[in-house]
Amino acid sequence: MKYFISCGEASGDLHAAELIKCLHRRDPQAQFAFLGGDACTEATGIQPLIHIREMAFMGFSEVLRHLPDVWRNLRTARRTLEQEKPDALILVDYPSFNLKLAAKAKGLGIPVFYYISPKIWAWKEWRVKKIKKLVTAMYAIFPFEPDFYARHGMQVEYVGNPSVEELETRLEAAPSRDDFLKANRLRDRKIIAMLPGSRRSEIRNNLQVMCRAVDMMPQYRGVIAGAPGIEDEFYRRLTDLPVLHGQTYSLLRHSHAALVTSGTATLEAALARVPQVVTYRANGSKLSYNIMKRLLKVNYVSLPNLIAGREIIPEQLLHMCTPDAVGEKLASILPEREPRRLQLEGYDDMRARLGQNHAADRTAELIIKALTNK
C-alpha cells in the first residue's frame, strides 16, 4: 500500500519515523511519501517532499511572516495527494496545516488516520468538530485523551506513548559518561542539560534565561541540546556554552538536572529520570499569562504534570520565567534536595500511567487492519 505521512516539526519526525518502520514490517510492499525530516528520511531511504525546516513556524507573528511558504507547502502536499492517490493519509500532530490537508484527502476519498492528537484538550477545543468530520480514526498517545474525545462523541483508542520505547532504546545506546565527555571535549563537571526548544523563536526567548539561571550554579556546567536544522551560529549569537546536535538522549543520560522548554522534551526528561524545571518565556508579560490562563482548558502545560494529574515539576511561564525564579527552582532539584526526591517519585507515578504498549506498532496494526478490513 501507499502511505502519505505529514509531520511538521522535530518531535513529530521522530514519531513518524518509528511508525514508518512498523508499517514496513507489517506491510513489506509499503511505499511512502512524506513531509518530514531527517528521521523519516533515514527510515524510508528517500527525501521528504518538504523538509520540516521549511515548515516549523510557531506563533501568530511567525506564521504570518511565512504565510507564502505555508501556502506553497500546502499546495505541494495537496497536488501530491491528487497525483499519487495514496491508500492512506497519516497525520502526526501539526493541526493547522494537517487538518487542511485532511480536508483535501477527504474530498479525494482517501482515508485519514491521525497519530498523535493535536493538543485540543489544552486549547482550540473547537477543532474537535473538524476532526470528527475529516478523520477516519484517531490514535491517542496520552491516557487522558480518550475520555476527552468521548465527551465529544468520538471513540479514540489509546495506543501507548511513543516516547517510552523510543527513549529506552536511545538511552541504552548512549555512550558511557567518559566516552561522552571525551567525544564532546567536555571537562568532567556535573551537567545541567538545557533544552530550549526546536524553533528559533523558542530558543531566542528561553535560552538566555536558562543560561543566566545556570550561571548561579558555578559547580555545574550547562550544555545545550541543539535542535535539528538550527545551525551552531544561531546559538553562538546567544551564548558560548557548548551545543550538542543529535545527542539529546546521551546528554539527558549524563545530566544531573535539566531546564526544558515545555513540549515533548519535558516527557523525555521525565522518562530519563532527570529532574527538571519547565521554562516558557515568550514575550514574558503578565497580561499574556492571564490571557493564556483563560484560553487553556488544563491546569498544567507540561506533559508529566498532565499525565500524573498533579504538579510533579515546576512550571515557570511567561512573566514568571525569570533567571532568578528559574535559578531558585533549579537549585531545589539538585542532588540531596527533598524536591528532587519528590519529583523522581512523581516520575514513577507518571510512568505507570503510560502503560506498556508499543505505540507505533499498535498504530501500524490498527491502520493496516482498517485498510484491509482484516
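In this predicted model, strands β4 and β5 (residues 112-115) run parallel to each other, paired over four bridges. Within that pairing, Val92 sits across from Tyr115 in β5. To get from β4 to β5 the chain goes by way of helix α5 (residues 95-107), and the resulting β-α-β crossover is right-handed.

β4 also has a partner in strand β1 (residues 2-7): the two pair in the parallel sense, this time over five bridges. Here Ser6 is the residue standing opposite Leu91 of β4.

With β1 and β5 both paired to β4, the next thing to look at is how well β4 itself is covered. The strand spans residues 88-92, and five of its five residues are buried. Neither face is left open: Ala88, Ile90 and Val92 are buried on one side, and Leu89 and Leu91 are buried on the other.

Two of these β4 residues turn up again in the nonpolar packing. The largest nonpolar core counts 99 residues, and the members touching the most others are Tyr3, Leu89, Ile90 and Tyr115. Leu89 gives a good idea of what this looks like up close. Leaving aside residues up to four places away in sequence, Leu89 touches Phe4 and Leu81, then Leu101, Ala102 and Ala105, and finally Ile110, Pro111, Val112 and Phe113. Of these contacts, Leu101, Ala102 and Ala105 fall within the residue range of α5, while Val112 and Phe113 fall within that of β5. Elsewhere there is a second, separate core of 26 residues, with Tyr235, Cys321, Leu330 and Ile333 among them.

Methods. Residues are numbered from 1 along each chain as its sequence is written. This is a predicted model: local features need pLDDT of at least 70, side-chain atom pairs count only at pLDDT 80 or more; totals for chains, interfaces and linings use all residues. Side-chain values use heavy atoms; hydrogens and water are left out. Buried means under 20% relative accessible area, exposed over 50%, partly exposed in between (1.4 Å probe, protein chains only). Two strands pair if DSSP finds at least two bridges between them. A crossover is right-handed if, with the strands pointing away from the viewer, the path from the first strand over the helix to the second runs clockwise. A nonpolar core is a set of buried Ala, Val, Leu, Ile, Met, Phe, Trp, Tyr and Cys residues joined through side-chain atoms within 4.5 Å. Contact means heavy atoms within 4.5 Å.
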